[in-house]
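Work through the exercises below with the sequence and the structure open beside you. Each one sets a task and then gives a solution in steps.

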Amino acid sequence: MTLDFPNVTDLATPFFVLAIALEMAWIFYKKRGGRYEAQDAMTSLFMGVGSVVSGLLVGFIAYWFFMALWAITPLDLGHAWWVIAICFVLDDLRYYWVHRFGHRIRWVWASHVNHHSSQHYNLTTALRQTWTGTFTLMMIVRAPLVLMGFHPAMIFFVGGLNLIYQFWIHTEAIDKCPRWFEAVMNTPSHHRVHHGRNARYLDANYAGVFIIWDRMFGTFVPEQRDEPVDYGLVHNIGTFNPLRVAFHEWVAIFKDWTQPGVTWYDRWNYAIKPPGWRHDGRGGSTEMLKRIDVKRNPEKAGTPGFEENRM
């Protein structure tokens with residue numbers, strides 16, 4: 001069966017442009033709700049264009065992989081509205097785990113890091129997308145959906161809806177949503193935490209659409225009014241060069257692989273261990289950074305982001 005779903009991300013492009021213009025106007029006139037820096041915003045826009053181009057160049061790899069799986073699965077759930085709804089929820093769960101892997105496996109982080117490279121947080125940040133996602137092989141995490149009987153075209157469709165939802169949460173112009181909405185859905189407040197380089201906020205709130213996954217799997221940290229989010233990377237790269245933004249972590253992995261005295265086991269670990277791991281033990285892991293912060297600020301012990309099971 002051939003299904004024809006619209007390319008929703010292309011259809012949403014005018015909305016993205018309008019929303020960015022409205023956010024810029026809001027910040028300009030209200031003098032609050034975020035900040036724009038021309039070079040930073042242009043870098044984000046260029047990264048978005050590059051992501052589209054890379055999708056056109058290598059997107060066929062994922063497409064043919066899923067179609068090959070579709071050819072061998074005996075299941076076909078059809079395309080009723082409730083099937084699409086279930087696919088959307090399950091694909092969001094898939095997104096949670098891919099996103100979590102993207103912060104805890106350096107090989108995947110090398111592709112995802114560019115999304116966190118901006119030291120600003122506005123709607124253009126949402127467009128700062130990867131150029132190298134195909135090479136992480138995280139498409140494998142979507143394979144079970146195909147084998148369960150969800151058509152690949154449907155999976156790409158709900159994935160597009162997921163990305164569109166995530167666009168609006170990249171803003172400081174919206175403070176808190178109603179409590180019931182904050183309890184279930186990903187919101188600007190929750191996602192601001194995810195983009196923070198504060199020790200409290202590291203490796204938290206991986207959700208795409210439903211924040212319930214973070215609540216279920218113990219990775220949820222609420223935004224603290226007494227600790228504003230400091231955006232960017234633990235070690236900011238300090239560049240607006242899109243090529244460096246896109247490839248700097250891949251280059252860093254290669255340098256770690258080729259340094260004197262590392263074994264093949266060390267090289268393997270430099271790829272699969274979390275960012276910050278060093279073979280000589282001098283790295284700065286998330287857990288270590290949290291311990292250092294609590295040592296400096298004992299009153300933080302046991303508070304959100306510094307619970308014992310996170311350290």
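**Exercises on a predicted model**

L137 is placed in the loop between α4 and α5, and its phi is near 65°, a positive value in a residue other than glycine. Keep in mind throughout that the model is a predicted one.

**Exercise 1.** Find where K31 lies, and decide whether K31 is buried or exposed.

*Solution.* Begin with the position: K31 is found in the loop between α1 (8–30) and α2 (38–72). Next take the backbone, where phi of K31 is near 60°, a positive value in a residue that is not glycine. Then turn to accessibility: the relative value for K31 is 65%, and a residue over 50% counts as exposed, so K31 is exposed. Last, follow the side chain, whose charged end sits over the ring of F28, 4.6 Å from the centre of that ring. A second arrangement of this kind involves K290, whose charged end sits over the ring of F306 at 5.4 Å from its centre.

**Exercise 2.** Describe the secondary structure of the protein, and work out how its radius of gyration compares with the globule rule.

*Solution.* Count the elements to begin with: the protein has 12 helices and zero strands, so that, read from the N terminus, the order is α-α-α-α-α-α-α-α-α-α-α-α. Now compare the two radii: the radius of gyration is 20 Å, close to the 19 Å that the globule rule gives for 311 residues, and the protein is therefore as compact as a globular protein of that length. For the outer dimensions, the C-alpha atoms fill a box of roughly 60 × 55 × 40 Å along the principal axes. Buried residues make up 49% of the 311 residues.

**Exercise 3.** Decide whether F88 is buried or exposed, and state what separates F88 from G281.

*Solution.* Locate the residue before judging it: F88 lies in helix α3, which covers residues 81–104. Its relative accessible area is 17%, and since buried means under 20%, F88 is buried. As for G281, this residue is 193 residues from F88 along the chain, and the C-alpha atoms of the two are separated by 41 Å.

**Exercise 4.** Classify the ring pair of Y121 and Y231, and explain which parts of the chain the pair ties together.

*Solution.* A search of the whole structure finds 23 aromatic pairs. In the pair of Y121 and Y231 the ring centres are 5.0 Å apart and the planes stand at 5°, so the pair is stacked. Since Y121 lies in the loop between α4 and α5 (143–147), while Y231 lies in the loop between α9 (212–217) and α10, the pair ties together parts that are 110 residues apart in sequence. Both Y121 and Y231 are buried. Elsewhere among the aromatic residues, Y96, W97, F101, Y206 and F217 form one cluster.

**Exercise 5.** Describe the second largest pocket: how much space lies in it, and which helix gives the largest share of its lining?

*Solution.* Start with the volume, which is about 770 Å³. The lining consists of 30 residues, and those nearest the centre of the pocket are W109, V234, H235, P275 and G276. Sorted by type, the lining residues are 11 nonpolar, 12 polar and seven charged. Sorted by helix, α4 (106–112), α10 (242–258) and α12 (286–296) each supply at least two of the lining residues, and the largest share, six residues, comes from α10.

Notes
Residues are numbered from 1 along each chain as its sequence is written. This is a predicted model: local features need pLDDT of at least 70, side-chain atom pairs count only at pLDDT 80 or more; totals for chains, interfaces and linings use all residues. Side-chain values use heavy atoms; hydrogens and water are left out. On a 1 Å grid over the protein atoms alone, a cavity is a set of points where a 1.4 Å probe fits but cannot get out, and a pocket is an open set with protein on both sides within 12 Å along at least five of seven lines; lining residues have an atom within 4 Å of a point. Grid points are joined across faces, edges and corners, and a volume is the space filled by probe spheres set on the points. Helices (H or I, at least four residues) and strands (E, at least two) are DSSP runs, numbered from the N terminus. Ala, Val, Leu, Ile, Met, Phe, Trp, Tyr, Cys and Pro count as nonpolar, Asp, Glu, Lys and Arg as charged, and the others, Gly among them, as polar. Rings of Phe, Tyr and Trp (its six-membered ring) pair if their centres lie within 6.5 Å; planes under 30 degrees apart count as stacked, over 60 as edge-to-face and the rest as tilted. Buried means under 20% relative accessible area, exposed over 50%, partly exposed in between (1.4 Å probe, protein chains only). A charge sits over a ring if NZ of Lys or CZ of Arg is within 6 Å of the ring centre and within 35 degrees of the ring normal. The radius of gyration is taken over C-alpha atoms; the globule rule is 2.2 Å times the number of residues to the power 0.38.
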